Amino acid sequence: MLIAGSIIGGNVLNIEEIIKISEEAGVDWLHLDIMDGNFVPNITFGLDFVKKIRQKTYLPLDIHLMVIDPEKYIQFSNYCNMINFHIETTYFPLRIIENIRKNNPEVKVGVAVNPSTSISFLENMEGYIDNILIMTVEPGFAGQKFIPNTLNKIEKAKKIIEGWEKKPFISVDGGINSQNYKLVLERGANYIVCASYLYEDYSSIKQKVLMMKKQLYK
Ligand code: DX5
Ligand code: ZN
C-alpha cells in the first residue's frame, strides 16, 4: 500500500518545506495536481514548476492532469514517474497512452475517473495502464468531502483487474482522512492520495502515514 502526499494540501508558499516534511514522514510518492482552469475551475502549476520540483526531491512524482486536451501535456511525462489523465477528456485514451509511452517509455501511465463516470472502460484497458485513479471527490479543489458512492467503484475496479497479469494500482484521490481510509483500503484501494488531512498539521504527518500503512497488515 502506498501513500502519495498531494502538495496542494500544504502551505504552497513554501514548497521546499512541503517536500522536506513529506520525505521525512515516509510518504511514498508526491502527487502534483495540474489544473488548467478549463476542465476544472481551478488553476495550479505548469511545466517549469514541475521541473523544479523534480530537481528538489528523490521521491517519485505522480502527476494528475486535470486538463482538457491532455495530448498537449505529454512533455510533463519527462519529469515524473507516473502521469494520469482523465478519461472524460478524450475519446482516444489508448492513443494518448501510446503517445505518452513513445515520449517516455519509463513512465507509468494512469487514467483518472470522476465520481459520476462509470468505470466500465477499464474492462478494455488490460495491458495499457499502471494506475486507475478513482476520484473520490469532484476534481478541482483540495479539502472537499469524500463521496461514499465511489466505494463501489473501487470494488468494481478490483474485480475487473482480477485476472490481469500486470495489475495497475487502484488509487483513490479526494477527501481521504482518518474516518474513511480503512473503508477505501478494505474495498481494494492500494494507493492513497491525500492532501488536506495529511498536511493540515505538519507535526503529525509521520504518525498519519504510519497509521494508514499499518492498516494493510491487519
Ligand atoms: C482534487 C485533487 C486532489 C486533492 C486532494 O481535485 O485531485 O489530489 O489534492 O485533496 P484532499 O485530500 O484535501 O481532498
Ligand atoms: Zn489529484
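Which space is taken by ligand 1? In this predicted model, ligand 1 takes the space of the largest pocket, whose volume is about 360 Å³. Taken alone, ligand 1 exposes 380 Å², and the protein buries 99% of that area. The points below describe the pocket first, then the shell of residues around the ligand, and lastly the polar contacts.

**Lining of the largest pocket**

- The pocket, with its volume of about 360 Å³, is lined by 30 residues, of which Gly143, Gln144, Gly174, Gly175 and Ile176 are the closest to its centre.
- Four elements give two or more residues each to this lining, namely strand S2 (29-35), strand S3 (61-66), strand S8 (191-194) and helix H6 (196-199).
- Divided by class, the lining of the largest pocket holds 14 nonpolar, 11 polar and five charged residues.

**Shell around ligand 1**

- The ligand is surrounded by 20 residues, and the closest of these are Ser6, Gly140, Asp173, Gly175 and Ser196.
- Gly175 is thus named on both counts, being listed with the residues closest to the centre of the largest pocket and with those closest to ligand 1.
- Strands S2, S3 and S8 are the elements that give two or more residues to the shell around ligand 1, and the largest share, three residues, comes from S2.
- By class, the shell around ligand 1 consists of 10 nonpolar, eight polar and two charged residues.

**Polar contacts with ligand 1**

- Ser196, listed with the residues closest to ligand 1, has a side-chain N or O atom that lies 2.4 Å from an oxygen atom of the ligand.
- In the case of Asp33, a polar side-chain atom is placed 2.8 Å from an oxygen atom of ligand 1.
- For His64, the distance between a polar side-chain atom and an oxygen atom of ligand 1 is 3.1 Å.

How values were computed. Residues are numbered from 1 along each chain as its sequence is written. Chains are lettered from A and ligands numbered from 1 in the order in which they are written. This is a predicted model: local features need pLDDT of at least 70, side-chain atom pairs count only at pLDDT 80 or more; totals for chains, interfaces and linings use all residues. Side-chain values use heavy atoms; hydrogens and water are left out. On a 1 Å grid over the protein atoms alone, a cavity is a set of points where a 1.4 Å probe fits but cannot get out, and a pocket is an open set with protein on both sides within 12 Å along at least five of seven lines; lining residues have an atom within 4 Å of a point. Grid points are joined across faces, edges and corners, and a volume is the space filled by probe spheres set on the points. Ala, Val, Leu, Ile, Met, Phe, Trp, Tyr, Cys and Pro count as nonpolar, Asp, Glu, Lys and Arg as charged, and the others, Gly among them, as polar. A residue is near a molecule or strand if one of its heavy atoms lies within 4 Å of it. A polar contact is a pair of N or O atoms within 3.5 Å; within protein, one must be able to donate a hydrogen and the other to accept it, and residues adjacent in sequence count only if both atoms are side-chain atoms. Accessible areas come from the Shrake-Rupley method with a 1.4 Å probe; for residues, only the protein chains shown count as cover. A molecule sits in a cavity or pocket if more than half of its atoms lie within 2 Å of its grid points.
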